[in-house]
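Student: Could we go through this one together, starting with the overall fold and then moving on to the pockets?

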Amino acid sequence: VGLFVFIYAYGYMEGDVRYTFFFGAFTLFAGAMLVLVSAANLLQLVVGWELVGLASYLLIGHYWEKKENSDAGIKAFLTNKIADVGLFIGVFILTIAAGSFRISDVLEVAESGEMTTTVAVVGGLMLFIGAMGKSGQVPFHVWLPDAMAGPTPVSALIHAATMVVAGIYLVARMYGVFFEGLSIGGSSINALAMVGAITTVVGASLAFVQDDIKKVLAYSTVSQLGYMAMALGVGAWTAAVFHLFTHAFFKANLFLGSGSVAHAVHSFDMKKSMGGMKKFMPRTYVTFLIGSAALAGLPPLAGFWSKDEILVGTGGWGLFGGTGGNGAYTFHLLMGMVGAALTAAYMTRCIYLTF
């Protein structure tokens, strides 16, 4: 995904006021993301985590001549920093409890039952606060739509495919702590699943009333990140990581498509500047349509398989054989279905207004 966005940016940013600066910050971001995901210990993870935050700030505020763009960058930075306090506290708690910074050591202590439930609960929830900031879970979702002030390639790579799923990645990577601490197996409600379910529906509802095409996709991303958090909360680990993966592809595709249309009409406003773009940009229309169908979860496209796995993973009403006794998260199954219906609705509206 990164490679394609870089190729796209090469043409999209042509003649830009700070072309080299953009690619400097963009490459710094890509490197920082690799540091984050390849971290074997919590210290390296925190270094990568802070560096992606810095690169995100530089790129959101790329056109800082306009005050609202510079404000958006600062808002993103500060929202993330507030949540990062939770991350730091969580790292300290778990490190002291395990006597090591190594992620494998922390997980070993958590899964063997040597870590007390209180430590696992508090440490896990503190890590989750950090994840909520990065991954735009309610109430930390406020920075993500404003982050659309940055150039479109930034939205595609950072705010759809990579940085915003760092929070989901963190929870998935430290899953032993959450599974034990929140007793995910066999229960029917927990903080992680609840925040995810609320975020799914709130994000989708807000996407429905936006007129700016990138804001529609931004709130859509918030909603899909809620889906991933909910999947982790109900014990559907594989489904969550699978959805993270499929979402990166179709959402980056949609952002690049929105940039392509906006490049042609010099505006992101669907109601005032777009409409009937289908006859002028048939290729963009087709790619956008495929991305939207995947996002809405239509078979046989990627989004269908990952969303379906999440809904099965809730084990609500014992449908589809459940998850082998992972718990019965009926409320979350309902919220997931409502979110899926809203997704189809706002993407239909988006295509209707644009094309």
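**Overall shape and pockets**

Tutor: With 355 residues, a compact globule would have a radius of gyration near 20 Å, and the protein chain has 20 Å, so the two agree. Please keep in mind throughout that this is a predicted model.

Student: What does the C-alpha trace span along its principal axes?

Tutor: The C-alpha trace of the protein chain spans about 60 × 45 × 30 Å along those axes.

Student: And how many helices and strands are in there?

Tutor: The secondary structure of the protein chain comes to 17 helices and 0 strands. As for contacts with a separation of 6 or more, 75% of them in the protein chain are made by residues 24 or more positions apart.

Student: What percentage of the residues count as buried?

Tutor: Of the 355 residues in the protein chain, 56% count as buried, where buried stands for under 20% relative accessible area. The chain exposes about 13800 Å², and carbon and sulfur atoms supply 70% of that area.

Student: Okay, pockets now. How much space lies in the largest pocket?

Tutor: The largest pocket holds about 700 Å³ of space. It is lined by 26 residues, of which Tyr63, Asn69, Ala149, Gly150 and Phe268 are the closest to its centre. The elements that give two or more residues to this lining are helix 4 (67-98), helix 7 (143-146), helix 12 (213-233) and helix 13 (237-265).

Student: Which helix gives the most to that lining?

Tutor: Helix 4 gives the most to the lining of the largest pocket, with 3 residues.

Student: And how do the lining residues of the largest pocket divide into nonpolar, polar and charged?

Tutor: The lining of the largest pocket divides into 11 nonpolar, 7 polar and 8 charged residues.

Student: What about the second largest pocket, what volume does it have?

Tutor: The second largest pocket has a volume of about 460 Å³. Among the 21 residues that line it, Met33, Val37, Ala161, Thr162 and Leu244 are the closest to its centre. Two or more lining residues each come from helix 2 (19-37), helix 8 (152-161), helix 9 (166-173) and helix 13.

Student: Which helix supplies the largest share there?

Tutor: Helix 13 does, since the largest share of the lining of the second largest pocket, 6 residues, comes from that helix.

Student: And how does the lining of the second largest pocket divide by residue type?

Tutor: The lining of the second largest pocket divides into 18 nonpolar residues, 2 polar and 1 charged.

Methods:
Residues numbered from 1 in each chain as written. Predicted model: local features only at pLDDT ≥ 70, side-chain atom pairs only at ≥ 80, totals over all residues. Heavy atoms only, no water. 1 Å grid on protein atoms, 1.4 Å probe; cavity = no way out; pocket = protein on both sides within 12 Å on 5 of 7 lines; lining within 4 Å. Points joined across faces, edges and corners; volume = space filled by probe spheres on them. Helix = DSSP H or I, 4+ residues; strand = E, 2+ residues; numbered from the N terminus. Nonpolar A, V, L, I, M, F, W, Y, C, P; charged D, E, K, R; others polar. Rg over C-alpha atoms; globule rule 2.2 N^0.38 Å. Buried < 20%, exposed > 50% of the residue type's maximum accessible area, 1.4 Å probe, protein only. Contact = heavy atoms within 4.5 Å. Areas by Shrake-Rupley, 256 points an atom, 1.4 Å probe, with all protein chains shown as cover.
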